[in-house]
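Welcome, and let's take a walk through this fold together. Please have the sequence and the coordinates open side by side as you read.

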Amino acid sequence: MNINIVTLFPEIFSALNAGLLGQAIKREDININLIDLRIFALNEYGQVDSKPYGGGEGMVLMAQPLEEAIKSIPSSPVCHVVNLSPQGQQLTHSKAKELSKYTDLTIIAGRYEGIDERIINQFVDEEISIGDFVLSGGEFAALTLIDAFSRFIPGVIGNQKSVESDTFGSGLLKGPTFTRPEKFNDENVPEVLLSGNHAKIEEWRETQSLLRTLERRPELLNNIKLTKKQIKLLEDIVSKRIL
Ligand SMILES: C[S@@+](CC[C@H](N)C(=O)[O-])C[C@H]1O[C@@H](n2cnc3c(N)ncnc32)[C@H](O)[C@@H]1O
């Protein structure tokens with residue numbers, strides 16, 4: 001996958017060199033192409049922003065340097081272009097999965113008051129938000145977005161099964177996890193996990209996943225088709241909680 005990032009702060013993306021993503025970049029499963037918007041500045045002062053027409057707060061990234069930056073990308077005519085914005089469609093598990101299917105993706109990281117609307121109208125395929133809050137720039141949103149969708153690119157996470165068993169993989173939250181030692185500050189690991197009985201452990205995990213989802217994100221249960229077994233486990237959970 002080729003990921004092009006239009007940014008005023010390419011140095012922020014050195015964070016991509018760490019961990020599993022860094023390894024995927026080294027293997028060239030993912031290619032990162034950083035496009036420094038400043039190179040396309042209008043003048044020798046490096047100007048890429050200007051005051052908003054009609055007055056108002058802050059500065060806006062200008063259309064001309066952005067257009068040139070986007071057009072400088074070799075795959076530009078066929079590339080899917082995402083503008084990061086708090087006004088965009090909120091990033092979800094399924095959106096991340098969808099984005100992982102593109103072979104060429106361009107991400108625009110805005111700054112200041114954002115980018116000239118005409119760039120959105122003329123070049124952007126979709127706008128994505130990472131949540132209902134405002135960041136000072138799109139770079140950290142881009143890092144979040146890239147991390148989220150890269151997990152779905154085959155080979156990036158060594159064990160693809162762990163992506164499926166993670167939270168949202170099956171539409172539910174994942175239950176609690178434990179590792180050594182068996183006893184930590186007087187708290188023991190649930191006995192069933194030490195039993196070696198795989199069927200029982202699986203049932204415990206499924207129950208914990210349902211319980212956690214019911215307690216923390218009950219609305220998720222409406223979005224998935226539960227199996228007969230899951231319905232039975234949920235009924236058990238609910239009846240025990242009422243008693
Ligand atoms: C200060 S924000 C601009 C906010 C804009 N003036 C508004 O009111 O909607 C500057 C840049 O940060 C990025 N940004 C801020 N919040 C974001 C969010 N929740 N999701 C994605 N990108 C965000 C975008 O790239 C945006 O262009």
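What follows goes from the domains to the sheet, then to the ligand and two backbone details.

Please keep in mind that this is a predicted model. For a first orientation, turn to the domain assignment, which gives domain 1 as residues 2-160 and domain 2 as residues 183-242. Taken over C-alpha atoms, the centres of domain 1 and domain 2 are separated by 39 Å.

Now find the open sheet of 5 strands, whose order is β2-β1-β6-β5-β7, with parallel pairing. Its edge strands are β2, at residues 31-36, and β7, and each of them pairs on one side only. On average, and with direction ignored, neighbouring strands of this sheet are turned by 30° against each other. As general background, strands of a sheet pair through backbone hydrogen bonds, and they may do so in a parallel or an antiparallel way.

Let's step across the sheet, beginning at the β2 edge. Here β1 and β2 are joined in the parallel sense by 6 bridges, and Thr 7 has Asp 36 of β2 as its bridge partner. To get from β1 to β2, the chain passes through helix α1, residues 19-26, in a right-handed β-α-β crossover.

On to the next pair: strand β1, residues 2-7, pairs with β6 over 5 bridges, again in the parallel sense. If you look for a point to anchor your view, Ile 3 stands opposite Leu 105 in β6. Packed on the sheet is helix α5, residues 139-150, which touches β1, β5, β6 and β7. The direction of helix α5 makes about 170° with that of β1.

Moving along, strand β5 (residues 80-90) and strand β6 (residues 104-108) pair in the parallel sense, with 4 bridges between them. Within this pair, Val 82 lies opposite Ile 107 in β6. The connection from β5 to β6 runs through helix α3, residues 93-99, and this β-α-β crossover is right-handed. Strand β5 also runs parallel to strand β7, residues 126-129, and 5 bridges join the two. Look here for Gln 90, which stands opposite Ser 129 in β7.

With the sheet in place, turn to the ligand. Which residues lie closest to the ligand? Of the 19 residues that surround it, the closest are Leu 84, Gly 110, Gly 114, Gly 138 and Ala 141. Strand β5 gives the most to this shell, with 4 residues. By character, the residues of the shell divide into 8 nonpolar, 9 polar and 2 charged.

Two backbone details round off the tour. Most residues other than glycine have a negative phi, and most peptide bonds are trans. Glu 28 has a phi near 65°, a positive value in a residue other than glycine. You will find Glu 28 in the loop between α1 and β2. The other detail is a cis peptide bond, which joins Arg 180 and Pro 181 with omega at about 5°. Pro 181 sits in the loop between α6, residues 160-165, and β8, residues 183-184.

Technical notes:
Residues numbered from 1 in each chain as written. Predicted model: local features only at pLDDT ≥ 70, side-chain atom pairs only at ≥ 80, totals over all residues. Pairing = 2+ DSSP bridges. Right-handed = clockwise from strand over helix to strand, strands pointing away. Axes fitted to C-alpha atoms, helices over the stretch in contact; angles between N-to-C directions. Contact = placed C-beta atoms within 7 Å. Domains from an automatic or database assignment. Near = placed C-beta within 6 Å. Nonpolar A, V, L, I, M, F, W, Y, C, P; charged D, E, K, R; others polar.
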